[in-house]
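Please open the model in your viewer and keep the sequence panel beside it, so that each stop of this tour can be selected in turn.

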Amino acid sequence: MTEAIAPETPPPGPSVGEGARETARPEDAGSASPALARRMNPWLLGILFSVGIAAVMAVSLSSGYMPFTAREIWDILYLKFHGATLRFWEPLAACFPLPAAGLDESRILVLFEVRLPRLVTSLVAGAALGLSGAVFQGILLNPLADPYTLGVSSGAAFGASVVIVCTILFPAATALASPLAPAAGAFAMSTVTLFVVMLLAADREGRLPPPNLILAGVIMSAILSAAISFIKYLAGDQVSSIIFWLLGSFQARTWTEAGIVFVFFVPAIFLTLPSAVDLNIMTLGVRSAETLGVNTGKVRLRLLAAASVAASASVAVAGIIGFVGLIVPHLVRLLAGPDHRSLIPLSTLGGALLLSAADTVVRAFLPGEIPVGVLTALLAGPAFLVIFRRKMKDLVHV
Amino acid sequence: MSSAEDGKGRSGDAFPAGVDEAGRAGVSGRPAARTPETAVVASAAAGAEAAVSGGAEEPVSGGAEASGAAGADAPGSGGADAPGSGGAEASGAAGADAPGAPEGAAGESRPRFAGGSTFKPPAGASGDSPILSVRGLCFRHANGMRAVSDLSLDFRPGRHYVMAGPNGAGKSTLLDLLARLKAPEKGSIRVFGKEAGEYPPIRLARLLALAPQKFQFNFSFTVREVVSLGRRPYLGRWGRLTAEDKRIVERAIEFLNLGHLADKPVTALSGGEAQRAVLARTLAQSTPVILLDEPTASLDVAQALDLMDRVRILTRRDGALVVTVTHDLHLAAVYADEMIFMKGGRLAAAGPLAETLNAGLLREVFEAEAEVRPDDFSGGLNISFRHGGERERHLASGGG
């Protein structure tokens with residue numbers, strides 16, 4: 001998939017490699033063998049994703065330990081939203097009979113304070129991961145990049161581990177005992193990591209060449225992983241609380257977590273979408289982009305910052321959930337083409353769909369509750385392998 | 001046919017008589033490849049001629065500074081301050097109508113370049129005056145290595161400038177400087193009379209396009225999508241193409257004979273096809289100045305010749321200024337209007353092909369023994385390198 005056609009530089013005549021490449025596939029030249037780029041209409045894919053999300057929401061809210069009927073869900077949502085802020089519900093609600101009187105308080109609590117915030121958090125976190133995966137792959141010119149390539153996940157894991165180990169080692173530090181403290185630590189450290197990686201990667205002119213970024217990210221991740229191991233060692237018997245956080249889960253997420261990730265996700269989408277055309281151009285290389293009037297340095301910095309902050313927020317509230325940010329943009333690109341104008345919004349929808357569906361499966365349909373990060377890795381990993389294998393076969397002669 | 005006649009008129013000084021006949025003979029020798037574009041771009045030809053009206057033919061004034069004299073004040077380099085007056089130094093040339101009505105001509109002529117979009121030259125550019133001029137240009141790499149020293153050159157529209165020199169001579173750096181990919185350390189680069197650095201990048205991208213030598217396709221955009229990206233300097237934030245943009249894109253695709261590949265992913269193209277896709281992208285930018293960085297490096301002989309024929313159409317018929325960096329002196333000897341030889345970051349020689357390319361120069365610049373003869377078929381020059389044979393025996397026997 002990463003495929004660079006870069007004519008070799010110096011030899012003036014036809015070099016051996018050049019000649020070999022030309023002659024290796026003469027039939028490719030004019031015949032039909034390089035397949036036409038078959039693509040789905042992006043709007044159709046968008047509609048499919050949206051329908052999928054609606055279906056997941058319906059299934060997710062209704063099923064689980066305490067099942068709800070559609071009518072009940074409607075009634076509870078109506079009860080919660082009507083009259084307060086969302087007045088636009090009113091005309092819609094008028095079409096339906098008024099909510100049945102006497103809804104059970106505990107059932108309202110389960111649906112509105114437990115199930116719904118968890119669903120919303122998983123949707124928005126998935127959206128953030130899909131968006132940031134698409135942006136990262138575009139900027140780093142590498143379809144194998146993901147939101148964690150720049151060390152965002154390692155930074156977050158380190159931050160959360162530090163907070164958790166502090167609560168273990170110093171029980172007196174009650175301020176850290178808040179359930180949100182690890183999230184705050186994670187967000188702070190992932191942002192710091194991002195800046196350090198950018199500083200390390202910057203060249204003399206202050207540009208951020210993709211290979212530098214990837215290397216700096218790998219180096220920082222390695223250092224932080226070692227630090228996390230040390231912290232785990234410090235935690236002793238209570239190491240499981242760190243491990244569980246690292247696995248990634250939406251268990252017991254509240255409206256607060258949903259709000260946090262939403263607040264960072266919304267600016268990210270507004271910052272990235274208007275640069276989609278420039279991102280398309282930047283995939284042709286810096287020289288082409290600059291001569292087309294794109295300020296690559298500025299665009300890259302803005303996109304990296306926006307995508308990383310969205311990913312950080314998602315990691316902070318949900319832990320490290322792998323593969324969503326990698327496989328979703330990949331699939332979308334395969335289905336609807338690499339144009340970032342459609343790739344970014346579609347990856348956002350796809351990420352939301354995949355993660356909310358996975359979380360629903362984990363919560364409502366699997367015995368016990370395995371962390372959703374494990375499920376996404378177990379399902380998406382092999383799926384990715386199949387795609388990868390198929391593309392590898394195509395690439396043999398390219 | 002008026003365009004061809006015009007081309008003949010303009011090239012009269014630069015080439016031995018008959019060059020254009022030969023050039024067109026070469027064209028007609030490959031009718032199949034030719035016919036579609038000629039038809040497609042024919043309409044674009046008319047307007048271009050207005051801009052390149054004057055018959056004044058003048059060697060690259062930088063030739064005067066080749067000896068290394070400070071460029072800025074050297075005689076005949078008045079172009080730095082008043083590009084419109086460039087015709088003055090063309091002693092003896094028929095520059096009658098160039099200074100005649102510069103403002104009016106500039107204002108009304110809207111030459112249509114390769115892609116066919118209308119381009120309005122900024123005030124001050126007219127006739128055969130240089131549209132790109134370099135004065136006292138210096139550049140040092142970040143590691144302190146001097147890459148370009150005190151370079152002064154003028155580039156006029158409707159001509160093909162070929163830049164050659166040994167590796168490390170500073171050719172590619174100069175091209176980067178012209179494309180504003182690098183900022184000069186000292187000196188000035190004026191595009192249509194205005195300092196290149198003063199243009200907003202988008203504006204400059206409408207005047208000047210570069211086909212890079214190294215390019216990569218990481219994602220499976222189709223050829224048409226890649227070519228469409230060339231329209232970016234004219235588009236809004238969301239990059240929506242107008243009917244006019246689409247027409248220009250199609251024309252660029254046809255011009256490089258990529259029609260059958262337009263809907264295929266660029267990742268599936270061969271090296272030569274990919275190179276042509278990049279060139280089509282550059283042409284879709286519809287700029288009066290086109291910079292080509294080793295465009296034939298990954299092409300076979302037929303592809304390279306075909307490409308150079310097309311470049312000739314761009315300069316002769318559409319009035320574009322093309323600057324090519326190449327290692328292929330044989331191609332240069334046939335297709336260049338003007339040669340720029342560089343060595344060690346300095347100008348070794350510059351001027352019309354016939355006046356610059358000779359055996360002595362090749363020895364001086366490339367340390368290569370060669371014989372240079374007029375080439376009757378192409379009207380250009382024919383280089384026969386005198387290596388191998390006796391020289392090989394000389395080297396084998398321990399000679400230096």
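**First stop: a strand residue in chain B**

Select Leu208(B), which counts as buried because 25 C-beta neighbours lie inside 10 Å, the cut-off for a buried residue being 20 or more. Bear in mind from the start that this is a predicted model. Leu208(B) belongs to strand E6 of chain B, which covers residues 208-211. If you now display its surroundings, leaving aside the neighbours within four places in sequence, you will find Leu208(B) in contact with Ala179(B), Val191(B), Thr287(B), Val289(B) and Leu291(B). You can also draw a distance from the C-alpha atom of Leu208(B) to that of Leu132(B), which should come to 9.8 Å although the two residues are 76 residues apart along the chain.

**Second stop: helices H8 and H9 of chain B**

Next, select residues 243-255 of chain B, which form helix H8, a helix of 13 residues that reaches 18 Å from its first C-alpha to its last, close to the 18 Å expected at 1.5 Å a residue. Which residues of H8(B) are buried? They are Asp245(B), Ile248(B), Val249(B), Arg251(B), Ala252(B), Ile253(B) and Phe255(B). Just after this helix, look at Asn257(B), which takes a positive phi of about 60 degrees.

Keep H8(B) on the screen and add helix H9 of chain B, residues 271-284, whose axis comes within 9 Å of the axis of H8(B) and crosses it at roughly 140 degrees. The two helices are therefore oblique to each other, and H8(B) passes H9(B) in a right-handed crossing. To see what makes the contact, colour Ile248(B), Val249(B), Ala252(B), Ile253(B) and Phe255(B) on H8(B), together with Ala280(B), Leu283(B) and Ala284(B) on H9(B). The residues of this contact divide into 8 nonpolar, no polar and no charged.

**Third stop: two loops and helix H10 of chain B**

Most residues other than glycine have a negative phi. With that in mind, select Ser286(B), which is not a glycine and yet has a positive phi of about 50 degrees. Ser286(B) lies in the loop between H9 and strand E7 (289-293) of chain B, and it is buried, because 29 other C-beta atoms lie within 10 Å.

Move on to Glu294(B), in the loop between E7 and H10 of chain B, where you will find a positive phi of about 45 degrees in another residue that is not a glycine. Because Glu294(B) has 24 C-beta neighbours inside 10 Å, it counts as buried.

Then select residues 301-316 of chain B, which make up helix H10, and check its ends: 16 residues at 1.5 Å a residue should span 22 Å, and the end C-alpha atoms are 22 Å apart, which agrees. The buried residues of H10(B) include Asp306(B), Arg310(B), Arg312(B) and Arg316(B), as well as Leu307(B), Val311(B) and Leu314(B).

**Last stop: chain A**

Finally, turn to chain A, which has 16 helices and 0 strands, and in which buried residues make up 45% of the 398 residues. Among its contacts with a separation of 6 or more, 79% are between residues 24 or more positions apart.

For one example in detail, select Pro371(A), in the loop between helix H15 (340-365) and helix H16 (372-395) of chain A. Pro371(A) counts as buried because it has 23 C-beta neighbours inside 10 Å. Not counting residues up to four places away in sequence, Pro371(A) touches Leu247(A), Gly248(A) and Ser249(A), while its C-alpha atom is separated by 9.7 Å from that of Leu246(A), 125 residues apart along the chain.

Notes
Residues numbered from 1 in each chain as written. Chains lettered and ligands numbered in written order. Predicted model: local features only at pLDDT ≥ 70, side-chain atom pairs only at ≥ 80, totals over all residues. Helix = DSSP H or I, 4+ residues; strand = E, 2+ residues; numbered from the N terminus. Expected span 1.5 Å × (residues − 1). Buried ≥ 20, exposed ≤ 12 C-beta atoms within 10 Å, placed from the backbone. Axes fitted to C-alpha atoms, helices over the stretch in contact; angles between N-to-C directions. Parallel < 35°, antiparallel > 145°, perpendicular 65-115°, else oblique. Left-handed = near helix turned anticlockwise from the far one by under 90°. Contact = placed C-beta atoms within 7 Å. Nonpolar A, V, L, I, M, F, W, Y, C, P; charged D, E, K, R; others polar.
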